[in-house]
Amino acid sequence: MNERLHSVLAQRGIRPETLAEACEVDPKTVGRWLGGRVPHPRHRFRAAEFLRAEEAFLWPDLRSQAGRPTGGPGTELVGIHQNRASVPRETWLTLLREARRQIDVLVFSGTFFAQSNPRVAEMLAERAADGVLVRLCFGDPGGRAAAVRGREEGIGDALAAKIRASLTYYRPLGPGNSCEVRLHDTTLYSSLFRYDDDLLVNPHVFGQPASANPLFHLRRVEPADWFDHYVQSFEAVWARSRPWRPDQEGSPAHGQD
């Protein structure tokens, strides 16, 4: 059974018959898709476009069925969204639920990450309890980088306020080896969201909020040039960041240059 296709249809409130009409196929054909059959390429494209989802998300086994990629780093790119706001909520939820090894998030405020999923802290705690390494890195609301970014976006101190508001969602996450929240005071060129071998990269554009900028979906293959390049960026910022505790959310960063 294709649980992802079932889930997206349910979340969109779309009947299988409606999808069949959009793809110009018999409803029984959509029933076979829901049962696990992979559609022809032209039907996959139409279905993904109609459902506003990525083909690679709806049919994640496609890449393994096609064999090991033989191209350059571009083979890691499995999807592009015009902006972060257009990424379906179900994509974020499914990637979080299906992570088995690690979840890494690098943002300034990441307000949408919690507001679009009120159970985000609970879900992250569940993943951590199952042995998933969870690392969340937010901008320091009292740091220089957040102040500069706020001025560049024309929102001034509002960015620092957004960071503080976002952090309140993560108060239930206690410190531990499997779940950690830190604050960074670095220039952020991209927001990063890693779920095992899937990485969502949200580049920043001067003067524009991250939600208005494109988002690239990478999946790690060999050679993992792009994927590893961004992962190294996360690790560099993480190493320079400091642990966050709810009682210190407004204090400035220490020991950074």
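The legends below describe an overview and several close-up views of one predicted chain.

The model is predicted, with local features needing pLDDT of at least 70, side-chain atom pairs counting only at pLDDT 80 or more, and totals for chains, interfaces and linings using all residues. Residues are numbered from 1 along each chain as its sequence is written, and side-chain values use heavy atoms, with hydrogens and water left out.

**Figure 1. Overview of the chain, with its 12 helices and 8 strands.** Helices (H or I, at least four residues) and strands (E, at least two) are DSSP runs, numbered from the N terminus. Of the 257 residues in the chain, 49% are buried. Buried stands for under 20% relative accessible area, exposed for over 50%, and partly exposed for values in between (1.4 Å probe, protein chains only). The chain exposes about 12600 Å², of which carbon and sulfur atoms supply 51%. Areas are from the Shrake-Rupley method with a 1.4 Å probe; for residues, only the protein chains shown count as cover. Among contacts with a separation of 6 or more, 70% join residues 24 or more positions apart. A contact requires heavy atoms within 4.5 Å.

**Figure 2. Packing of helix α1 on helix α7.** Helix α1 spans residues 3-12 and helix α7 spans residues 89-98; their axes lie 10 Å apart at an angle of about 140°. Axes are lines fitted to C-alpha atoms, for helices over the stretch in contact, and angles run from 0 to 180 degrees between N-to-C directions. The two helices α1 and α7 are therefore oblique to each other. In this classification, angles under 35 degrees are roughly parallel, over 145 roughly antiparallel, 65 to 115 roughly perpendicular, and the rest oblique. The crossing of α1 past α7 is right-handed. A crossing is right-handed if the near helix is turned clockwise from the far one by less than a right angle, and left-handed if anticlockwise. From α1, the residues R4, S7, V8 and Q11 meet R89, E90, T94 and E98 of α7. The residues of this contact between α1 and α7 comprise 1 nonpolar, 3 polar and 4 charged. Ala, Val, Leu, Ile, Met, Phe, Trp, Tyr, Cys and Pro count as nonpolar, Asp, Glu, Lys and Arg as charged, and the others, Gly among them, as polar.

**Figure 3. Crossing of α2 and α3, with the loop between them.** The axes of α2 and α3 come within 8 Å and cross at roughly 110°. Helices α2 and α3 are therefore roughly perpendicular to each other, and their crossing is right-handed. On α2 the contact involves P16, E17, L19, A20 and C23, and on α3 it involves P27, V30, W33 and L34. By class, the contact of α2 with α3 has 8 nonpolar residues, no polar residues and 1 charged residue. E24 sits in the loop between α2 (16-23) and α3 (27-34). Phi of E24 is positive, near 60°, in a residue other than glycine. E24 counts as exposed because its relative accessibility is 63%.

**Figure 4. Packing of α2 on α4, and the surroundings of A47.** Helices α2 and α4 pack at about 120°, and their axes are 9 Å apart. The pair α2 and α4 is therefore oblique, and α2 passes α4 in a right-handed crossing. T18, L19, A22 and C23 of α2 meet H43, R46, A47, F50 and L51 of α4. The contact of α2 with α4 divides into 6 nonpolar, 2 polar and 1 charged residues. A47 belongs to helix α4 (residues 41-51) and is buried, with a relative accessible area of 0%. Apart from neighbours within four places in sequence, A47 is in contact with L19, C23, W33 and W59. The C-alpha atoms of A47 and L58 are 9.3 Å apart, across 11 residues in sequence.

**Figure 5. D196 in the loop between β5 and β6.** The flanking strands are β5 (190-195) and β6 (198-203). D196 is not a glycine, yet has a positive phi of about 55°. With 9% relative accessibility, D196 counts as buried.

**Figure 6. S241 in the loop between α12 and β8.** The loop that holds S241 links α12 (225-240) to β8 (242-243). S241 has 10% relative accessibility and therefore counts as buried. S241 and L183 are 58 residues apart in sequence, with a C-alpha to C-alpha distance of 5.4 Å.
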